[in-house]
Amino acid sequence: MSNGNRRVFVLGPAVSIGVAATITVGIIAASHTGWAAADAPAPAKPAHSGAPPVGAKATHLKGWARMYFPAPDNDVQVTVDAHATFDPNGAWRPTRSWGTFRISHRLKLPDGTWFTNWGDLKVDCLTTGGPTATVTGTLTRVTPGGPWEGMLKEHTRMGVSFYVAGRNAGPSRIGLSGAPRPGEGRLPQCMAPAADAPLIKGGYTLS
């Protein structure tokens with residue numbers, strides 16, 4: 001997110017940002033829609049899916065973190081509890097993925113109040129390799145009256161990439177796809193951008 005042309009997801013389909021003022025334009029419009037500046041309810045718990053089949057390889061990604069965001073008075077957090085199994089003799093695509101993740105963006109509106117936009121997503125793909133992982137999922141719950149209600153009706157898919165740094169390997173990072181722009185079609189499963197935004201609090205475990 002240090003790149004000036006960073007694609008940002010929070011107020012709707014991904015848009016390019018050059019300066020923080022670009023965000024403010026969308027926030028001003030949002031402040032007139034009656035959104036409540038309330039904290040989001042707790043993320044939904046993933047359904048228990050039982051033990052993986054005998055001989056299958058299993059992988060897990062869990063944690064919570066706050067990521068760097070290039071504008072003041074913005075707090076972006078990602079919580080994830082994702083799991084997958086793989087055929088040890090098969091391709092990279094998992095045989096089964098499950099779990100949930102949440103994207104939350106709390107920001108100060110021009111009138112001084114705070115608004116939290118959040119979305120819970122049901123995992124439909126988790127892939128891993130070394131210290132990296134990619135998760136995609138479809139929206140299942142969003143901020144009531146918020147900017148993602150239309151995307152909820154369309155079961156929009158979003159993706160998050162993770163770089164889980166080891167000791168003395170620099171900060172862990174995440175990358176957010178946001179929603180596809182109009183005309184781009186549906187985001188494919190298992191796809192997300194490079195993990196370019198460093199974490200400033202929290203962390204993830206990958207096993």
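I began with the cysteines and found that the structure, which is a predicted model, holds 1 disulfide. I noted its partners as C125 and C190, whose sulfur atoms are 1.9 Å apart.

I then looked up where the two cysteines sit, and placed C125 in strand β6, residues 114-129, while C190 falls in the loop between β9, residues 173-176, and β10. The disulfide therefore links distant parts of the chain, with its two ends 65 residues apart.

Next I turned to the handedness of this bond: the torsion about the S-S bond of C125 and C190 is about 95°, so I entered the disulfide as right-handed.

Are C125 and C190 buried or exposed? I read a relative accessibility of 1% for C125 and 5% for C190, and because buried means under 20%, I counted both cysteines as buried.

I moved on to the aromatic rings, where I counted 1 aromatic pair. I recorded F162 and Y204 as its members, arranged edge-to-face, with 4.9 Å from centre to centre and 80° between the planes. I traced F162 to strand β8, residues 157-163, and Y204 to strand β10, residues 197-206, so that this pair too links distant parts of the chain, 42 residues apart. I also checked the exposure of F162 and Y204, and both are buried.

Last, I looked for charges over rings. I found R96 over the face of W98, at 4.4 Å from the ring centre, and I found R102 over the face of W118, at 4.5 Å from the ring centre.

Conventions
Residues are numbered from 1 along each chain as its sequence is written. This is a predicted model: local features need pLDDT of at least 70, side-chain atom pairs count only at pLDDT 80 or more; totals for chains, interfaces and linings use all residues. Side-chain values use heavy atoms; hydrogens and water are left out. Rings of Phe, Tyr and Trp (its six-membered ring) pair if their centres lie within 6.5 Å; planes under 30 degrees apart count as stacked, over 60 as edge-to-face and the rest as tilted. Helices (H or I, at least four residues) and strands (E, at least two) are DSSP runs, numbered from the N terminus. Buried means under 20% relative accessible area, exposed over 50%, partly exposed in between (1.4 Å probe, protein chains only). A charge sits over a ring if NZ of Lys or CZ of Arg is within 6 Å of the ring centre and within 35 degrees of the ring normal. A disulfide is a pair of cysteine sulfur atoms within 2.5 Å.
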